[in-house]
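I opened my notebook to look up a few things in this structure. Rings, a pocket and the nonpolar cores were on my list.

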Amino acid sequence: MRNMMKVATLESKLPLLAVENGCIVSKDADITVAFRVELPELFTVTHAEYEAIHAAWCKAVRVLPDYSVVLKQDWFLREKYRPATGDGEMSFLSRSFERHFNERPFLNHACFLYLTKTTKERARMQSDFSTLCRGNIIPKEVNPDTARAFLESADQFERIMNDSGLVTLTRLTDEEITGTPDCPGLIEKYFSLSLDDTTVLQDMELKAEGFRVGNKHVCLHTLSDTDDLPGRVSTESRYERLSTDRSDCLLSFAAPVGLLLACDHIYNQWLFLDDSAENLRRFEKSARNMHSLARYSRSNQINKEWIDRYLNEAHSFGLTSIRAHFDVMAWSDDAEELRRIRNDAGSQLAKMECR
């Protein structure tokens with residue numbers, strides 16, 4: 001009987017070419033630098049500190065060159081607490097405290113940051129793009145000078161965030177990215193959707209019904225259009241369960257799809273840094289078109305006013321125009337539980353007034 005299944009190896013589909021000098025090099029000559037991120041503890045950040053963290057991120061992103069990509073990846077994995085009772089010098093109260101939380105489930109968090117230098121052609125790439133459409137396999141913009149300038153800006157990015165005193169970035173080494181014979185690396189852990197040191201690569205299946213990694217069925221929620229976002233976004237949100245009339249317990253604005261989503265999931269935040277001046281000129285042209293069509297539709301006039309407000313703020317405060325994309329990738333071994341997780345993720349997005 002003839003096998004009609006379409007099977008491919010991971011090596012043939014993997015877009016990565018090599019990992020050298022702490023940098024991930026793709027087959028399209030994109031250079032990526034990876035960091036491990038340490039964030040402040042939960043419920044310990046005030047309103048002023050949230051604003052300071054946001055300001056530090058904005059300053060750090062500004063030092064990156066055009067056509068860079070910033071990916072902040074937050075892992076949330078369900079684990080059970082393992083007590084540290086092996087120390088013979090522990091007191092009775094400390095040992096009782098450890099035993100009290102033995103085997104209790106909790107949501108473990110890990111955060112990684114990726115800075116990628118790409119080209120204008122790659123940044124605006126569509127699904128029908130092919131290397132046959134261009135004369136050079138390697139983009140003309142890729143040369144030692146641009147790579148050196150990007151690595152210097154990545155070092156400045158790291159320095160700015162570490163100097164804030166609230167967020168700590170640690171550069172990942174080649175072994176931490178690719179792994180060793182005794183311990184898997186970050187790439188292998190991502191492909192298996194697990195941060196365990198005993199990670200084993202599993203088969204992946206992509207069908208119209210969904211995506212599967214081993215026994216893990218995956219669902220994905222995306223936010224890539226401004227129509228899906230709320231009308232107002234802040235750096236923090238008030239956690240009503242622990243807040244009172246006299247005191248506020250604050251969490252980040254995206255906490256509903258982070259720590260408050262009680263399942264195994266990854267929250268990705270993408271920032272695409274294009275040529276800001278070119279983006280603003282494109283908005284100017286769009287505003288003129290909206291104004292000329294305002295007599296045919298009131299929505300055109302309203303959109304023109306929103307574009308004017310955007311352009312006024314960008315020119316008045318010297319802001320940089322970027323593109324952004326956000327997604328929540330959750331998974332479960334049980335198909336029935338995945339249905340509940342899909343509903344929970346949708347409801348958490350609704351709490352943020354997102355669609």
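**Entry 1: aromatic rings.** I began with Phe-272 and asked how accessible it is in this predicted model. Its relative accessible area is 22%, so I put Phe-272 down as partly exposed, given that buried would need a value under 20%. I then counted the aromatic pairs, and the structure holds eight. One of them joins Phe-97 and Phe-101, with ring centres 5.0 Å apart and planes at 65°. An angle over 60 degrees counts as edge-to-face, so that is how I noted this pair. Phe-97 has a relative accessible area of 47% and is partly exposed. Phe-101 is partly exposed too, at 30%. I next found the partner of Phe-272: Trp-270 and Phe-272 form a stacked pair, 6.3 Å centre to centre, with 5° between the planes. Trp-270 counts as partly exposed, with 26% relative accessibility. I also saw that Trp-75, Tyr-190 and Phe-191 are linked into a cluster by ring pairs.

**Entry 2: the second largest pocket.** How big is the volume of the second largest pocket? I wrote down about 1,100 Å³. The pocket is lined by 32 residues, and here I met Trp-270 again: Trp-270, Pro-15, Leu-16, Leu-71 and Thr-116 are the closest to the pocket's centre. I sorted the lining by type and got 20 nonpolar residues, eight polar and four charged. Several elements supply at least two lining residues each, among them strands E4 (68-80), E5 (105-117) and E12 (265-273). Helices H4 (120-123) and H7 (186-192) do so as well.

**Entry 3: nonpolar cores.** Which residues of the largest nonpolar core touch the most other members? I listed Trp-57, Leu-113, Leu-115, Phe-157, Met-161, Val-167 and Leu-169, out of 26 residues in this core. Strand E3 (31-38), helix H2 (47-62), E5 and helix H5 (144-163) each supply at least two of its residues. H2 gives the most, with six. E5 was already in my notes, as it also supplies residues to the pocket lining.

I picked Val-167 for a closer look. Setting aside neighbours within four places in sequence, I found Val-167 in contact with Val-37, Glu-38, Leu-39, Ile-53, Trp-57, Met-161 and Asn-162. Trp-57 and Met-161 are also on my list of core residues that touch the most other members.

Lastly, I noted another core of 18 residues lying apart from the largest one. Its members include Tyr-267, Phe-326, Val-328 and Ala-330.

Conventions: Residues numbered from 1 in each chain as written. Predicted model: local features only at pLDDT ≥ 70, side-chain atom pairs only at ≥ 80, totals over all residues. Heavy atoms only, no water. 1 Å grid on protein atoms, 1.4 Å probe; cavity = no way out; pocket = protein on both sides within 12 Å on 5 of 7 lines; lining within 4 Å. Points joined across faces, edges and corners; volume = space filled by probe spheres on them. Helix = DSSP H or I, 4+ residues; strand = E, 2+ residues; numbered from the N terminus. Nonpolar A, V, L, I, M, F, W, Y, C, P; charged D, E, K, R; others polar. Phe/Tyr/Trp six-rings, centres within 6.5 Å; stacked < 30°, edge-to-face > 60°. Buried < 20%, exposed > 50% of the residue type's maximum accessible area, 1.4 Å probe, protein only. Core = buried A, V, L, I, M, F, W, Y, C linked by side-chain atoms within 4.5 Å. Contact = heavy atoms within 4.5 Å.
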